[in-house]
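Me: I have a structure open here and would like to go through it with you. Where should we begin?

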Amino acid sequence: MAVREILAGMPWWVKWVAIPVIAVVVFGGLIASVVGFVIGLLFKLLVFVALVGGLIYVVRKFMSSSSSRGDW
């Protein structure tokens, strides 16, 4: 309740501009590192899925070509 009472007497720009700007300045590095980690993780996941998909494609292609050669 004390924080609500303190903020009640402040102008609107302190609540809606100054405090969020201070929070971004203070926690900006943490926010950037978390966002960077998530983006890096998603990129690695995308590369993993692409490599596994490529491997499955190559194995199926090889298996189908080797079975057709076995028919000779």
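Reply: Please note that this is a predicted model. The protein chain contains two helices and zero strands.

Me: How spread out is the chain, set against a compact globule?
Reply: The protein chain is more spread out than a compact globule, because its radius of gyration is 28 Å, well over the 11 Å that the globule rule gives for 72 residues.

Me: And what does the C-alpha trace span along its principal axes?
Reply: The C-alpha trace of the protein chain spans about 90 × 20 × 20 Å.

Me: What share of the residues is buried?
Reply: Of the 72 residues in the protein chain, 1% are buried. The chain exposes about 6,700 Å², and 80% of that area is supplied by carbon and sulfur atoms.

Me: New topic: where does Arg-4 lie?
Reply: Arg-4 belongs to helix H1, which covers residues 2-8.

Me: Is Arg-4 buried or exposed, and why?
Reply: Arg-4 counts as exposed, because its relative accessibility is 65% and the cut-off for exposed is over 50%.

Me: How far is it from Arg-4 to Val-14?
Reply: Their C-alpha atoms are separated by 13 Å, and the two residues are 10 residues apart along the chain.

Definitions and conventions: Residues numbered from 1 in each chain as written. Predicted model: local features only at pLDDT ≥ 70, side-chain atom pairs only at ≥ 80, totals over all residues. Heavy atoms only, no water. Helix = DSSP H or I, 4+ residues; strand = E, 2+ residues; numbered from the N terminus. Rg over C-alpha atoms; globule rule 2.2 N^0.38 Å. Buried < 20%, exposed > 50% of the residue type's maximum accessible area, 1.4 Å probe, protein only. Areas by Shrake-Rupley, 256 points an atom, 1.4 Å probe, with all protein chains shown as cover.
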